[in-house]
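Here are my notes for you as a newcomer to this structure. Have the model open while you read, and take the points in order.

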Amino acid sequence: MPKWNNWSGKLTARPSEILFVRSEADAEALVRSAAAENRRIRVAGATHSHAPLLVHDDLLVDTRGLSGIVSIDLDTNSAWIAGGSRIHTLGRQLHTAGLALQNQGDIDEQAIAGATATGTHGTGTKLGNLSSAVTGMRIATSEGLVECTPDENAELWRASRLHLGAFGLVTQLRLQLRPAYRLQEVAHGGPLEEALEGLDEQIDTNRHYEFFWSPQEDEVRAKSINETDNPPVYPLAEEGQRCAWNYEVLPNYRPHKHTEMEYSVPAESGPACMREIAHLLKTQFTDVVWPVEYRTLAADDVWLSTAYDQETVTISVHQDVRVDDEPYFRACEEIFLAHAGRPHWGKVHYLDGAALARIHPRWEDWWRVRDEADPHNIFVNDYLKDLRYAS
Ligand SMILES: Cc1cc2nc3c(=O)[nH]c(=O)nc-3n(C[C@H](O)[C@H](O)[C@H](O)COP(=O)(O)OP(=O)(O)OC[C@H]3O[C@@H](n4cnc5c(N)ncnc54)[C@H](O)[C@@H]3O)c2cc1C
């Protein structure tokens with residue numbers, strides 16, 4: 001049996017088989033034949049999730065061959081994109097057509113269907129996560145290939161914009177884009193309290209604002225990023241000083257293996273929650289050297305989104321992959337939950353289905369629509385099954 005591990009190496013599995021798909025027709029045939037044999041399927045993007053979404057002992061499908069832009073509509077600034085497309089390749093390809101993602105995360109290694117599966121986001125108080133930009137999906141389900149948009153199979157579209165790989169194999173998705181744009185980064189720093197005091201102004205006056213706080217030095221590394229008419233400067237400057245196209249400035253190089261917990265808390269609770277996490281680090285987890293990241297995220301209407309119906313702040317805590325992260329992460333989770341937080345779907349959390357049902361108003365709706373799309377639970381692993389039946 002092949003051995004599988006996620007990006008960090010912390011999660012491992014022995015799927016019975018790993019198969020590659022290279023086209024929508026290929027994906028449709030693979031799902032049909034696996035379903036006929038009553039096999040269970042999980043579909044992998046770039047395996048960057050810290051949650052055990054892909055831990056599984058049956059068929060694992062690798063989608064890296066399912067890549068590229070399928071069609072572009074310049075009237076609506078939207079495009080159908082193959083699900084396995086890596087965000088870094090996509091950025092360049094969209095740019096050639098004069099288009100760009102509205103926003104993206106801290107790295108660009110993910111597959112687009114993998115990133116939307118978990119509500120991957122960047123920073124920006126007026127900018128939603130990638131799932132909120134999904135205006136259509138084409139999914140190879142055990143019942144056949146289905147297309148859903150706000151006008152066709154609308155409930156399926158509402159539920160599957162953040163899909164957790166639980167509806168079927170996402171062969172294509174349509175994204176709302178915008179004309180290409182350039183960005184200028186500015187880095188600044190200082191102690192945490194100073195950053196928190198000036199936070200509202202920074203968040204309100206910059207398209208993107210975020211910071212990393214290093215507990216050992218009590219030092220904030222903040223970045224403000226705004227649109228610019230200045231020409232791109234190559235070679236690209238170091239992080240914090242780049243001036244270039246959106247897809248060149250927004251992603252960063254993050255090679256150091258780590259695990260991560262992230263919660264979204266209501267925007268107004270962000271500073272208080274951050275202060276409590278900082279206090280925890282200064283008083284109880286004094287040996288943690290990994291930084292805490294603070295970002296903003298616009299409210300959306302994506303059913304399982306951490307920003308469903310509320311503007312949020314996202315706070316991420318990290319730990320070295322060789323260290324037992326659980327005591328630290330559990331202590332952080334207690335603070336996040338006291339601030340009505342919702343956990344990132346691609347990162348570590350310890351909640352069961354009952355707790356998730358309490359904090360996600362559309363939890364039951366999501367499962368109802370998912371169950372209709374995949375009535376024989378072909379696309380559910382033990383982790384998802386536990387979440388489902390504990391709720
Ligand atoms: C270094 C690092 C930096 C990160 N930075 C950010 C960040 O800035 N912001 C943020 O929000 N998150 C961030 N994340 C989390 C990451 O974006 C998410 O975990 C994301 O889901 C990973 O995408 P992936 O392509 O690796 O998907 P995977 O981890 O491979 O899969 C995630 C889910 O997508 C499903 N899936 C993937 N492709 C398909 C498909 N074609 N059809 C059906 N299901 C599919 C899988 O089954 C699984 O359920 C980061 C993670 C790492 C390791």
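1. Start with the hairpin: β9 and β10 form it, with two residues between them. β9 covers 134-141 and β10 covers 144-148. (Strands here are DSSP runs of E with at least two residues, helices are runs of H or I with at least four, and both are numbered from the N terminus.) The two strands pair in the antiparallel sense over five bridges; pairing requires that DSSP finds at least two bridges between the strands. If you want one pair to look at, I139 has V146 in β10 as its bridge partner.

2. A word on what you're looking at. This is a predicted model, where local features need pLDDT of at least 70 and side-chain atom pairs count only at pLDDT 80 or more, while totals for chains, interfaces and linings use all residues. Residues are numbered from 1 along each chain as its sequence is written, and side-chain values use heavy atoms, with hydrogens and water left out.

3. Now the loop of that hairpin. Is S142, which sits between β9 and β10, buried or exposed? S142 counts as buried because its relative accessibility is 15%, and the label applies under 20% (over 50% is exposed, in between is partly exposed; 1.4 Å probe, protein chains only). Its side chain and that of E143 are joined by a polar contact of 3.4 Å. (That term means a pair of N or O atoms within 3.5 Å; within protein, one must be able to donate a hydrogen and the other to accept it, and residues adjacent in sequence count only if both atoms are side-chain atoms.) Leaving out residues up to four places away in sequence, S142 touches V31, A35, A373, D374, P375, I378 and F379, where contact means heavy atoms within 4.5 Å.

4. Next, the open sheet. Eight strands make it up, in the order β16-β13-β15-β14-β18-β19-β17-β20, with antiparallel pairing. Its edge strands, β16 and β20 (342-343), each pair on one side only. Further in, β13 (residues 182-190) pairs with β15 over nine bridges; one of the bridge partners to check is A222 in β15, opposite H188.

5. R242 is worth a look too, in the loop between β15 (219-228) and β16 (243-245). R242 is buried, at a relative accessible area of 6%. Its side chain makes a polar contact of 2.8 Å with the side chain of E185. Residues that R242 touches include L183, K223, L236 and P251.

6. T123 lies in the loop between α3 and β9, and is buried with a relative accessible area of 8%. Which backbone atoms lie by its side chain? A polar atom of that side chain is 2.7 Å from the backbone oxygen of Y209, and the side chain also reaches the backbone nitrogen of T296 at 3.0 Å.

7. Finally, the ligand. Around it are 36 residues, the closest being V43, S49, D106, T118 and H344; to be near, a residue needs a heavy atom within 4 Å. Ligand oxygen atoms are 2.6 Å from a polar backbone atom of V43 and 2.7 Å from an N or O atom in the side chain of S49. Taken alone the ligand exposes 970 Å², and the protein buries 99% of that (areas by the Shrake-Rupley method with a 1.4 Å probe; for residues, only the protein chains shown count as cover). The largest share of the shell, four residues, comes from α3.
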